[in-house]
Structures are given as structure tokens and as C-alpha cells.
Amino acid sequence: SDEERKAFLGGMHAAAMGTGRQLAETYQFSRFRRLVDVGGGSGGSAIAACELCPNLRATVAELPSIVPFSKGFIQKAGMEERIDVIGIDLLQEPLTGRYDVALLRNLVQVLGREPAAKVLQHVGQAMETGGEIYIVGYVLNDDRRSPPETAAYNLVFVNLYDEGEAYTEREYKTWLEAAGFRDFQRIVQTRGYSLIRAIKT
């Protein structure tokens, strides 16, 4: 229901803000002009990045059914002049617009393998040469058994989603290279989380 969707997005909003703030500070998002927050939900990551970077504009790309909720959070933050929201299903159509930085937080892991590759292809097509992609979520080592927190969390995915799971570093690298990205880097963070970063060719 709409109430459940709003509550779900609200429950993740603070963590999304934290991700946007951390990335914007650590990787100097002030050098970018156009950010796309793919599957951004409440838009929390885009909001936080724009708060820290006055010259940054952002777009939240979400399913049409989520757009009204995204707009509500953005309006409440007073960011509607700098953050747009587009309703799009990236499994069916390419991403519109041109961007020099893309953020995907907790998105790829809820998709099947082919849909995940397709979404990354569509994101890659909308990126400027030299643009950067940041993927935050649960990523397994190539042995599929570590980090232990990530391997354990895969049980949650099995029970929640038809196809989603924590994919391996090698899988992410393969998908990103096919989508035109290079200089792949994975940084293992706390609680089984990882950050993947790559640059568009």
C-alpha cells in the first residue's frame, strides 16, 4: 500500500543520507555537475550530496510508482529546484539525460543476473566519458563464502526476492566492463558492505 511504501522509504532515508554524505565528502563530488541516483528511493543520497556540493544537480531515477514519494522527501528537504525525479523502468528502457556521476545503493543485489547487467548497460549509456559510478551494497568475494556477514545476508535475499542475491566481485567487474567502465575498484566496508567504483570510457 502507499502507506507501507512511504514507511519503507522513510525507514531507509537516514541511511541513504549517510551514504550520500560519505561519498560526497570522500570522493569530492563537488567536482561533478550532474548526479543520477539510480533506484534512489527517498532521494536521500542525492539530497545529502547536493547539500554538501552547492554546484551539483541531481536526478533520482525510480519506478513510476515510487516517484510521488521521492518527490515528497525532496520537497521536504527544500531541494526541488536542484533535484529532478524521473519515472523509469531501467529493465525496459535506457536512462535519459547525461551524467558525470552515478550512484546505485542497494539496487543491483535485488535483481537477477541478466536484469542487473541490463541496468548497468543502461546507466553506462547515459554517462559522460570519464564519469564515475559508485555501487554500494553487499558484494561477495569470488569464493562466494566471504565476507561472512555478506554470505549470511544472502539468506535474507533468498527469502525476500525471486532473483536477487549478493553477487561476486568478478560478476560486478564483468558487468561494468561490458557497460564501458574501466579502473574497477572494490572497497570492503563494515557489516559486510562494499563500495564499487569505476570510470566510464
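Let's start with helix α4, residues 113-125, which lies across β1 (34-38), β4 (99-105), β5, β6 and β7. Against β5, α4 runs at about 145 degrees. Keep in mind, everyone, that this is a predicted model.

So what does α4 lie on? Seven strands make up an open sheet, and if you walk across it you meet β3, β2, β1, β4, β5, β7 and β6, in that order. The pairing in this sheet is mixed. At the edges you'll find β3 (83-87) and β6 (181-188); each has a single partner strand, so one side of each has no neighbour in the sheet. From one strand to the next, the twist averages 15 degrees.

Now let me take you to β7, residues 193-200. On one side, β7 is joined to β5 (residues 127-138) by seven bridges, and the two strands run antiparallel. The pairing of β7 with β6 is antiparallel too, over six bridges. Which residue of β7 should you click on? Try Leu 195: this residue is the bridge partner of Val 136, and also of Ile 187. β6 and β7 form a hairpin, with four residues between them. While you're at that turn, have a look at Arg 191, which has a positive phi of about 55 degrees.

Over to the β1 and β2 part of the sheet. Here the two strands run parallel, joined by five bridges. One pair to find on your screen is Arg 34 with its bridge partner in β2, Arg 57. Is β2 mostly buried or exposed? Five of the six residues of β2 (residues 57-62) are buried, so this strand is largely enclosed by the rest of the structure.

Last stop: back to α4, and to its helix neighbour. Two packed helices are described by the angle between their axes and the distance between those axes. For α4 and α6 (residues 169-178), the angle is about 40 degrees and the axes are 8 Å apart. The two helices are therefore oblique to each other, and α4 passes α6 in a right-handed crossing.

Which residues meet there? From α4 we have Arg 113, Ala 116, Ala 117, Leu 120 and Gln 121. From α6 come Glu 171, Trp 175, Leu 176 and Ala 178. Sorted by type, the residues of this contact are six nonpolar, one polar and two charged.

That's my tour, thanks for listening!

Terms used. Residues numbered from 1 in each chain as written. Predicted model: local features only at pLDDT ≥ 70, side-chain atom pairs only at ≥ 80, totals over all residues. Heavy atoms only, no water. Pairing = 2+ DSSP bridges. Axes fitted to C-alpha atoms, helices over the stretch in contact; angles between N-to-C directions. Contact = heavy atoms within 4.5 Å. Parallel < 35°, antiparallel > 145°, perpendicular 65-115°, else oblique. Left-handed = near helix turned anticlockwise from the far one by under 90°. Nonpolar A, V, L, I, M, F, W, Y, C, P; charged D, E, K, R; others polar. Buried < 20%, exposed > 50% of the residue type's maximum accessible area, 1.4 Å probe, protein only.
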